[in-house]
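User: I've got a model open here and would like to talk through how its helices pack. Can you take me through it?

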Amino acid sequence: MPSARTPGRKEPPAGAGGKARALPPPELRHRALAALIVALLSLVGLLGFNIESQRAVLVVIYSLLAGATALWLAVTAMRRARRSRTARPRGSVAATVIAGVGIGLAGAMLMAFGLFGQQLSNYGRCLSGANTITGSQTCYSRFSHALDREIGLPGRG
């Protein structure tokens, strides 16, 4: 009796229920890949952050928007795959995690700008004028004392 399998064709891996799941359609695989690339661009944007730059807030906002876009792409790709009863597209989980990290870091940085914007701005201006290590250390000391005053911590010795 001939086998129902096609010779040389690989079967998809079995899912949790022991049933074989079909590969996701190409549009879902492309969506997951796009999500992964945009999520990585979100983190690259944060790596390009420079406190001395006047565009620091714009870089953080870019990273936040790129992370949100990547998260939306990855989640919708996984949801559509589940709806069509196919396997989850490769890279969608990694895109979700990386986008979440990017959103978290960008959100924390935006919150820091909102709470300590003046201190961060003064610190950036001071660093741009500091030409020596001692000058940079002086800038950091001033920044640290300004944060302590803002938060309400007693001055350090």
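Analyst: Happy to, and keep in mind that this is a predicted model. Below we go through helix packing, then some individual residues.

User: How are α1 and α2 oriented to each other?
Analyst: Start with the axes: those of α1 (residues 26-47) and α2 come within 8 Å and cross at roughly 160 degrees. Angles over 145 degrees count as roughly antiparallel. That makes the orientation of α1 to α2 roughly antiparallel.

User: And α2 against α3, what's the orientation there?
Analyst: The axes of α2 (residues 56-83) and α3 come within 8 Å as well, crossing at roughly 150 degrees. With the cut-off set at over 145 degrees, α2 and α3 are therefore roughly antiparallel.

User: Which hand does the crossing of α2 and α3 have?
Analyst: Residues in α2 including Leu-64, Gly-67 and Leu-71 meet a set in α3, among them Ile-103, Gly-107 and Leu-110. Where α2 passes α3, the crossing is left-handed. For α1 and α2, the crossing is also described as left-handed.

User: Is Ala-77 buried or exposed?
Analyst: Ala-77 has its place in helix α2. Leaving out residues up to four places away in sequence, Ala-77 touches Leu-28, Arg-31, Ala-32 and Pro-89. Its relative accessible area is 0%, and anything under 20% goes down as buried. So Ala-77 is buried.

User: How far apart in space are Ala-77 and Ala-32, C-alpha to C-alpha?
Analyst: Those two are among the touching residues, since Ala-32 is on the contact list of Ala-77. They sit 45 residues apart in sequence, yet the C-alpha to C-alpha distance is 6.1 Å.

User: Arg-31 came up there. Which ring does its charged end sit over?
Analyst: Arg-31 touches Ala-77. The charged end of Arg-31 lies 5.0 Å from the centre of a ring, and that ring belongs to Trp-72.

User: How many aromatic pairs does the structure hold, and which residues form them?
Analyst: The count is 1 aromatic pair. Its centres are 4.6 Å apart and its planes are at 25 degrees, which puts it in the stacked class. The partners are Tyr-123 and Phe-143.

User: Which helices does that pair tie together?
Analyst: Both of its residues, Tyr-123 and Phe-143, are buried. The two are 20 residues apart in sequence. Tyr-123 lies in α3 (residues 92-129) and Phe-143 in α4 (residues 133-151), so the pair ties together α3 and α4.

User: Which residues does Gln-119 contact, setting aside neighbours within four places in sequence?
Analyst: Gln-119 is in helix α3, and at 13% relative accessibility it counts as buried. Its contacts, with those neighbours set aside, are Phe-143, Ala-146, Leu-147 and Glu-150.

User: What about Ile-151, buried or exposed?
Analyst: Ile-151 is found in helix α4. Its C-alpha is separated by 9.6 Å from that of Phe-116, 35 residues away along the chain. Relative accessibility comes to 52%, and over 50% is the cut-off for the exposed class. That makes Ile-151 exposed.

User: Last one: what is phi of Arg-85?
Analyst: Arg-85 lies in the loop between α2 and α3. With a relative accessible area of 67%, Arg-85 is exposed. Its phi is positive in a residue other than glycine, with a value near 55 degrees.

Key
Residues are numbered from 1 along each chain as its sequence is written. This is a predicted model: local features need pLDDT of at least 70, side-chain atom pairs count only at pLDDT 80 or more; totals for chains, interfaces and linings use all residues. Side-chain values use heavy atoms; hydrogens and water are left out. Rings of Phe, Tyr and Trp (its six-membered ring) pair if their centres lie within 6.5 Å; planes under 30 degrees apart count as stacked, over 60 as edge-to-face and the rest as tilted. Helices (H or I, at least four residues) and strands (E, at least two) are DSSP runs, numbered from the N terminus. Buried means under 20% relative accessible area, exposed over 50%, partly exposed in between (1.4 Å probe, protein chains only). A charge sits over a ring if NZ of Lys or CZ of Arg is within 6 Å of the ring centre and within 35 degrees of the ring normal. Axes are lines fitted to C-alpha atoms, for helices over the stretch in contact, and angles run from 0 to 180 degrees between N-to-C directions. Angles under 35 degrees count as roughly parallel, over 145 as roughly antiparallel, 65 to 115 as roughly perpendicular and the rest as oblique. A crossing is left-handed if the near helix is turned anticlockwise from the far one by less than a right angle, and right-handed if clockwise. Contact means heavy atoms within 4.5 Å.
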